[in-house]
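Student: I would like a close look at a single part of this molecule, namely its pockets, its cavities and the surface patch. Please treat them in one connected account.

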Amino acid sequence: MGALSGPPRKLMHDNAYRVRAERGEVQLGTWITMIRTPAVLTLLRAAGLDFARVDMEHSPFSMETVADMATLARALDFPLVVRPPEGSREWVTRLLDAGVWNLHVPQVDTPEQAAAVASYCRYAPVGERGMYGFGPHTEYRTLPPEEHMAVANARVHVTIMLETKRAFDQLDDIASVPGIDALTIGPTDLAQDLGVLGTPRQRDVLDEHRRRLVDAARKHGRAVAMLTDSLDGVRQMIALGATIINYSSDAAVLRSGYAAVAADVHRASSARP
């Protein structure tokens, strides 16, 4: 039998999350905050979601778990986004070298912080990402350094979270930082910092800040990511101009689904003669 012929196999998929963001396509995902098995990605993909976002800031996921999720995400061509505990060089480097392509970085308050995050995420000459020859981030293939650096720089997608008044006081300068791909707010922390958390003013104040963020993102060519926990909220965020929408979380959807069934069953059983 002769040797098989055909086009050379592409080393890795394109980052569909980044491609859709650059096209301005709406993509819908959800937080993973509780389910630690990577197999949850197959379920979320089958459900029709466009991406999954793992929360390492407020959830107990280990690097090993996230690395396993990233491996399956790449195999499925189902984008995985990770929120690290902070945008430090250590966390950014470890996640990127584990094969995570999309970062959702919390608590960015200044243009200097935004610039540092962008720099940690990309190799020279546009950044200062630490060089690691081969591993999950290269699918264990060895590539010429120039090719490896160029491909990695083009593939990564960086979203930063503005969660304080201090950040919004410098919104335009933060939004203008090269290497930042998308902007979002952290609604609960922002409401807390602004002193409106749990008050009747919370919704209006947050909506005002969302509009300001969208205006700054449009001015500087950034995508907008927003989170919500309702279908009406999804529609609102799309109408506002967000294209990266995070709907609820694994824990919240499970709880609400089971709670609704349990309530119906208990009502039906209590109505029995």
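**Surface patch, pocket and cavities**

Tutor: M34 is partly exposed, with a relative accessible area of 45%. Because that value lies between the limits of 20% for buried and 50% for exposed, M34 belongs to the middle class. The model under discussion is a predicted one. Along the chain, M34 is found in the loop between β1 (27-32) and α2 (40-46). Together with L254 and Y258, M34 makes a nonpolar surface patch of about 330 Å².

From the patch we may turn to the open space. The largest pocket has a volume of about 630 Å³. Its lining consists of 25 residues, and the closest to the centre of the pocket are G186, P187, T188, R210 and L227. Two or more lining residues are given by each of the elements α9 (187-194), α10 (202-220), β7 (223-228), α11 (231-240) and β8 (244-249). Of the contributors to this lining, α10 gives the most, with five residues. In terms of class, the lining of the largest pocket holds nine charged residues, nine polar residues and seven nonpolar residues.

The enclosed spaces come next. There are two cavities of 30 Å³ or more. The largest cavity has a volume of about 120 Å³. Fifteen residues would be a long list to recite, but those nearest the centre of this cavity are R74, F78, P79, L80 and W101, out of 15 lining residues. Helix α3 (residues 63-76) supplies the largest share of this lining, three residues. The lining of the largest cavity comprises eight nonpolar, four polar and three charged residues.

The second largest cavity contains about 70 Å³ of space. L96, V100, W101, R129, H137, A152, R155 and V156 line this second cavity. W101 thus appears in the lining of the second largest cavity and also among the residues nearest the centre of the largest cavity. By class, the lining of the second largest cavity divides into five nonpolar residues, one polar residue and two charged residues.

To draw the account together, the largest pocket, at about 630 Å³, has a lining to which α10 gives five residues. The largest cavity, at about 120 Å³, takes three of its lining residues from α3. The second largest cavity, at about 70 Å³, counts R129 and R155 among its lining residues. On the surface, M34, L254 and Y258 form the nonpolar patch with which this account began.

Notes:
Residues are numbered from 1 along each chain as its sequence is written. This is a predicted model: local features need pLDDT of at least 70, side-chain atom pairs count only at pLDDT 80 or more; totals for chains, interfaces and linings use all residues. Side-chain values use heavy atoms; hydrogens and water are left out. On a 1 Å grid over the protein atoms alone, a cavity is a set of points where a 1.4 Å probe fits but cannot get out, and a pocket is an open set with protein on both sides within 12 Å along at least five of seven lines; lining residues have an atom within 4 Å of a point. Grid points are joined across faces, edges and corners, and a volume is the space filled by probe spheres set on the points. Helices (H or I, at least four residues) and strands (E, at least two) are DSSP runs, numbered from the N terminus. Ala, Val, Leu, Ile, Met, Phe, Trp, Tyr, Cys and Pro count as nonpolar, Asp, Glu, Lys and Arg as charged, and the others, Gly among them, as polar. Patches are made of residues with over 30% relative accessible area and no salt bridge: like charges are joined within 9 Å, nonpolar side chains (Val, Leu, Ile, Met, Phe, Trp, Tyr) within 5 Å. Accessible areas come from the Shrake-Rupley method with a 1.4 Å probe; for residues, only the protein chains shown count as cover. A salt bridge is a side-chain nitrogen of Lys or Arg within 4 Å of a carboxyl oxygen of Asp or Glu. Buried means under 20% relative accessible area, exposed over 50%, partly exposed in between (1.4 Å probe, protein chains only).
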